[in-house]
Amino acid sequence: IVRVETTVQLREATIAAASGADVVIMAAAPSDFRPSHPSAEKIKKRQGVEPPALRLVENPDIAAEIGASKREGQLLVAFAAETAATEQALINGQAKLLAKRADFVVVNEVGQGRGFEAPDNAAVVLCSDGSRITISQRSKTDLARAVWELVIPKMPKMT
């Protein structure tokens, strides 16, 4: 376990761990953006004064970075936590599959009691060979097992 607090720290830890891994599973859900100037202390409201505007900067795309440098035989499993309707979620997931050079993208719809907020989840796994596998609603542990069952046959053979 490597504990991190920011997406930048997550990137550093993940890049280091991924270099020697046969399979990289990007199950974290880091934010796409972060404040450009985080405050070290509470930003107090003041009577008659407008709140400060928040300027956001893009966080690193860790999966895309790993995908761009993955070696022969290394597998990359990315996730797409989507709030869009199902068909758009799958379109977004397919774009991630290509942009990140992933072997699998696990698309799951979040919000409205799904995903992060619930003990169960369902997903559609998009594969680099063009196939789609629907994983019906089940516990998150069982969903993780189902994803592994798709990944294991594609893993490099040990010699």
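**Notes on a predicted model: a surface patch and the strands β4 to β7**

1. Let's start with I152, which is partly exposed, with a relative accessible area of 48%. That value falls between the 20% cut-off for buried and the 50% cut-off for exposed, so "partly exposed" is the right label. Keep in mind that this is a predicted model.

2. Where does I152 lie? Look in the segment after α4 (140–151). I152 also has company: together with I25 and W148 it forms a nonpolar patch on the surface, and the three share about 260 Å² of accessible area.

3. Now for the strands. β5 (residues 104–109) is mostly covered, with 5 of its 6 residues buried. On one side, β5 runs parallel to β4 (residues 75–82), and 6 bridges join the two. In this pairing A78 stands opposite V105. To get from β4 to β5, the chain passes through helix α3 (residues 86–99), making a right-handed β-α-β crossover.

4. β5 also pairs with β6 (residues 120–127), this time in the antiparallel sense, over 4 bridges. Here you can find V105 opposite L126 and F104 opposite C127.

5. Why is β6 largely enclosed by the rest of the structure? Because 6 of its 8 residues are buried.

6. Last stop: β6 and β7 (residues 132–139) run antiparallel and are joined by 6 bridges. V124 in β6 stands opposite T134 in β7. The hairpin they make has 4 residues between the strands, and G130 takes a positive phi near 95 degrees there.

Technical notes
Residues numbered from 1 in each chain as written. Predicted model: local features only at pLDDT ≥ 70, side-chain atom pairs only at ≥ 80, totals over all residues. Heavy atoms only, no water. Buried < 20%, exposed > 50% of the residue type's maximum accessible area, 1.4 Å probe, protein only. Pairing = 2+ DSSP bridges. Right-handed = clockwise from strand over helix to strand, strands pointing away. Patch = residues over 30% accessible without salt bridge, like charges linked within 9 Å, V, L, I, M, F, W, Y side chains within 5 Å. Areas by Shrake-Rupley, 256 points an atom, 1.4 Å probe, with all protein chains shown as cover. Salt bridge = Lys/Arg side-chain N within 4 Å of Asp/Glu carboxyl O.
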